[in-house]
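Please look over the sequence and the structure below before you begin. The exercises are meant to be worked with both in view.

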Amino acid sequence: MTEETKSLNFIEHIIEEDLTNGMPKEQLRFRFPPEPNGYLHIGHTKAIGISFGLGEKYGAPVNLRFDDTNPAKEEQEYVDAIKRDIAWLGYKWANECYSSDYFQQLYDWAVQMIKDGKAYVDSQSSEAMATQKGTPTSVGTNSPYRNRSVEENLDLFQRMKNGEFEAGTHVLRAKIDMEDPNMLMRDPIMYRIMYAHHHRTGNDWCIYPMYDWTHGESDYIEQISHSLCSLEFKPHRKLYDWFKDNVYQYSKNAYPLQPKQREFARLNLSYTIMSKRKLLQLVEEKVVSGWDDPRMPTISGLRRRGYTPAAIRKFVETVGVAKRENVIDVSLLEFCIREDLNKTANRVMAVLDPVKLIITNYPEDKVEWLEAENNPENATAGSHKVPFSRELYIEREDFKEEANSKYFRLSLGREVRLKNAYIIKGESVVKDQQGNITEIHCSYDMDSLSGSGTEASLRKVKGTLHWVSVAHAEKAEVRVYDRLFSDEAPDSHKDKDFMEFINPNSLTIVHAFIEPYLKEAVVGDRFQFQRLGYFCVDEDSTDEKLIFNKTVGLRDTWAKQKPKPTQNQPKQSNNQHQRPPIEEIKQLGKKYTNLPEAKQEAAKKKILELAEKISYADLEPLFATATKKTGTRIATAISLAVLLKNGQERTEAIQDFIEKAKEDKNDLLVNEVKNL
RNA sequence: UGGCCUAUGGUGUAACUGGCAACACGUCUGAUUUUGGUUCAGAAGAGUCUAGGUUCGAGCCCUAGUAGGCCAACCA
């Protein structure tokens with residue numbers, strides 16, 4: 001057993017506390033409650049990971065509950081997609097539930113509440129009700145219908161249910177408090193009239209319950225112990241509890257456990273959006289090919305892009321759970337998928353931007369089938385054969401006529417290795433009339449075959465190139481993706497619509513040459529194209545034509561050397577050199593008290609030097625340093641001594657500072673000022 | 001004129017009230033390498049939003065302030 005002492009997140013702390021306070025472990029029960037009005041995205045995987053993860057951790061059931069109370073927006077297609085995605089992620093739900101299954105129970109409770117004077121039928125327009133509701137900063141006023149008799153309310157509600165009224169003419173409201181600072185408590189609507197076909201209940205109902213009423217009571221009916229949702233529902237908690245307390249009075253025998261809602265910060269990912277409404281817009285306006293377009297942050301998009309469930313789960317686990325707003329850098333997601341694929345994806349060779357390479361001293365009709373290791377990270381992965389011949393394709397980027405010593409690839413007169421094959425040397429180039437290179441001629445060292453063990457084969461050369469034999473090359477379409485948005489937070493700009501940040505070059509279609517081994521590949525297979533990245537076979541592939549999606553590139557430290565056009569430059573400027581001396585003094589002071597003695601000496605020396613270069617005006621603000629920042633005060637004292645020695649007049653501020661320092665508990669500080 | 005929530009390296013998350021604030025990503029060095037990948041070794045980067053207070057001792061508790069987020073759908 002590897003008993004990991006992993007630190008707990010705040011939700012786990014709450015659960016642990018409940019457990020130690022006597023809640024039986026068997027009572028633990030969670031739920032994931034999507035509304036079937038769109039596809040799940042990477043943000044949802046956090047919520048899924050939290051609730052299902054807790055279920056796995058505590059061996060507790062987790063219900064998948066579709067919150068289907070708005071037939072106008074919800075569809076069976078979404079139900080199916082959601083189930084598919086959760087299952088693909090590898091989670092198992094205990095029960096497949098629907099809020100619509102509880103409509104009758106909810107209705108009965110609502111009648112009960114009317115009888116108890118806790119709910120009433122309002123018959124105003126939505127505008128009138130909105131006005132009466134007030135604003136966050138001003139209280140609301142009571143509806144003129146607020147004091148209808150129980151009998152009238154019962155009659156009206158019954159008739160609402162019977163379909164006797166037009167949509168929009170009446171609603172059922174909870175009678176709470178129109179002056180509550182929490183607007184959700186200002187007589188929230190429980191039911192509205194709606195003549196719409198529901199994907200499960202058909203036309204059985206013409207009144208539909210609202211979210212707050214339905215969601216909390218669904219938790220209660222399912223006896224969910226911890227109802228976990230995102231931060232924006234925090235204000236709903238008060239109402240959640242109000243409804244729960246009332247209903248509990250009616251049903252405590254049947255449903256003894258009262259659920260507890262807790263909220264966490266949702267996941268945001270840089271360079272993308274996470275709103276279902278906006279994702280739907282991308283789909284509807286055909287900016288992308290569908291919900292599962294590989295550029296979409298949806299689970300189905302990521303799946304098609306080549307992401308694995310393991311990588312996504314690792315990602316969600318790594319980002320953690322807390323209550324503050326956050327934006328996760330996509331580089332973390334990319335790290336997770338690379339880490340997984342590096343261990344599992346077979347290596348193959350493919351050339352995306354080909355130029356012909358001719359080995360002039362290799363026989364014209366000779367073909368060798370060379371051994372290629374499938375995965376150096378996995379000894380059991382085996383190997384496959386790759387054909388080698390006189391004419392090959394290599395990557396255009398892998399050749400330069402002249403190159404400096406930093407360039408490890410092929411150039412004239414220099415040697416490189418062809419992966420799994422021979423060492424070659426650049427000899428000459430053939431160009432067309434425009435000066436474009438059409439052929440590169442080279443010679444090969446016939447004794448240098450990879451793995452042959454000869455002295456020549458063991459020679460160290462600076463670079464290794466991937467290649468594909470021209471005669472044996474298969475063609476394939478490769479879809480190379482860039483981020484969908486050019487802005488780090490496309491929907492965070494008040495003055496600009498997120499659509500303005502769409503990256504016009506988010507998809508590039510490349511016609512590539514691939515080694516014949518790949519002919520066998522089937523939809524969903526994942527490979528590492530050596531030196532390029534990870535790719536997977538897209539479902540658009542046919543028997544005649546293979547199509548690959550680029551999942552993610554390899555880490556590329558070489559690309560970083562070159563000036564890159566992207567906006568992802570490191571922001572940290574190297575301002576160490578030009579930092580004003582006073583800043584350096586502050587920095588040294590910062591750690592002063594924590595340093596071991598020897599380093600303290602060194603720091604002091606440095607401060608003494610720097611202090612020669614500062615003025616009184618620089619130092620004066622530091623006299624006000626907070627008492628507890630002892631280090632800075634010491635640095636200030638040391639510097640002050642230098643100024644005084646150099647003839648600085650004793651101002652009142654100086655005197656105050658010295659006096660106060662002399663009374664400090666810290667001996668280091670006292671020592672510095674006692675002789676001033 | 002309001003209510004609620006949050007604030008820790010560039011990013012995300014930790015830290016039993018107590019040893020130089022930990023981990024991951026990212027960044028930078030170096031080594032290894034038939035992938036400029038992987039792996040390995042190392043470095044830089046934080047006075048825990050500010051100011052007070054309680055305490056022998058505060059990232060953590062209290063007060064005030066500042067900044068950001070959420071709240072006015074017959075949506076969820």
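The exercises below concern a predicted model, and each is followed by a worked solution.

**Exercise 1. Strand order in an open sheet**

Work out the order of the strands in the open sheet of seven strands, and find which strands stand at the edges.

Solution. Begin with the order, which reads β19-β16-β17-β18-β12-β15-β20, with mixed pairing. Next look at the two ends of that order: β19 (464-465) and β20 (467-469) each have a single partner strand, so one side of each is left without a neighbour in the sheet.

Now follow part of the sheet inward from β20. Strand β15 (residues 391-395) runs antiparallel to β20 and is joined to it by three bridges, with Leu392 opposite Ser469 in β20. The following step leads from β15 to strand β12 (residues 354-359), where five bridges make an antiparallel pairing, and here Val355 has Ile394 of β15 as its bridge partner. Finally, β12 is joined by four bridges to strand β18 (residues 437-445), and these two strands run parallel; Lys356 has Glu439 in β18 as its bridge partner.

**Exercise 2. A crossover between two strands**

Determine how strands β8 and β9 run relative to each other, parallel or antiparallel, and then trace the chain from β8 to β9 to find the hand of the crossover.

Solution. Strand β8 (residues 226-230) and strand β9 (residues 260-264) run parallel and are joined by five bridges. Within this pairing, Leu228 stands opposite Arg262 in β9. Between the two strands the chain passes through helix α8 (residues 236-251), and the resulting β-α-β crossover is right-handed.

**Exercise 3. The surroundings of Ser225**

Locate Ser225, decide whether Ser225 is buried or exposed, and list the residues that Ser225 touches.

Solution. Ser225 belongs to the loop between α7 (211-222) and β8. Its relative accessibility is 1%, and because a residue under 20% counts as buried, Ser225 is buried. Leaving aside residues up to four places away in sequence, Ser225 is in contact with Met23, Gln27, Leu28, Arg29 and Phe30, and also with Leu257, Pro259 and Lys260.

**Exercise 4. Aromatic rings**

Find how many aromatic pairs the whole structure holds, and explain why the pair formed by Phe529 and Phe548 is classed as it is.

Solution. The search over the whole structure gives 28 aromatic pairs. In the pair chosen here, the ring centres of Phe529 and Phe548 lie 5.1 Å apart and the planes meet at 70°, so the pair is edge-to-face, since planes over 60 degrees apart fall in that class. The pair ties together parts that are 19 residues apart in sequence, because Phe529 lies in strand β23 (residues 526-529) and Phe548 in strand β25 (residues 546-553). Phe529 is buried, with a relative accessible area of 0%, and Phe548 is buried with a relative accessible area of 0% as well.

Elsewhere, one aromatic cluster is made up of Phe103, Tyr107, Phe157, Tyr191, Trp205 and Tyr208. Rings also meet charges: the charged end of Arg200 sits over the ring of Tyr98, 3.5 Å from its centre, while the charged end of Arg313 sits over the ring of Tyr91, 4.1 Å from its centre.

**Exercise 5. Ser126**

State which helix holds Ser126, and find the residue whose side chain is joined to that of Ser126 by a polar contact.

Solution. Ser126 is part of helix α5 (residues 126-132). The side chains of Ser126 and Glu127 are joined by a polar contact of 3.4 Å.

Definitions and conventions: Residues numbered from 1 in each chain as written. Chains lettered and ligands numbered in written order. Predicted model: local features only at pLDDT ≥ 70, side-chain atom pairs only at ≥ 80, totals over all residues. Heavy atoms only, no water. Pairing = 2+ DSSP bridges. Right-handed = clockwise from strand over helix to strand, strands pointing away. Phe/Tyr/Trp six-rings, centres within 6.5 Å; stacked < 30°, edge-to-face > 60°. Buried < 20%, exposed > 50% of the residue type's maximum accessible area, 1.4 Å probe, protein only. Lys NZ or Arg CZ within 6 Å of the ring centre and 35° of its normal. Contact = heavy atoms within 4.5 Å. Polar contact = N/O pair within 3.5 Å; in protein donor to acceptor, adjacent residues only side chain to side chain.
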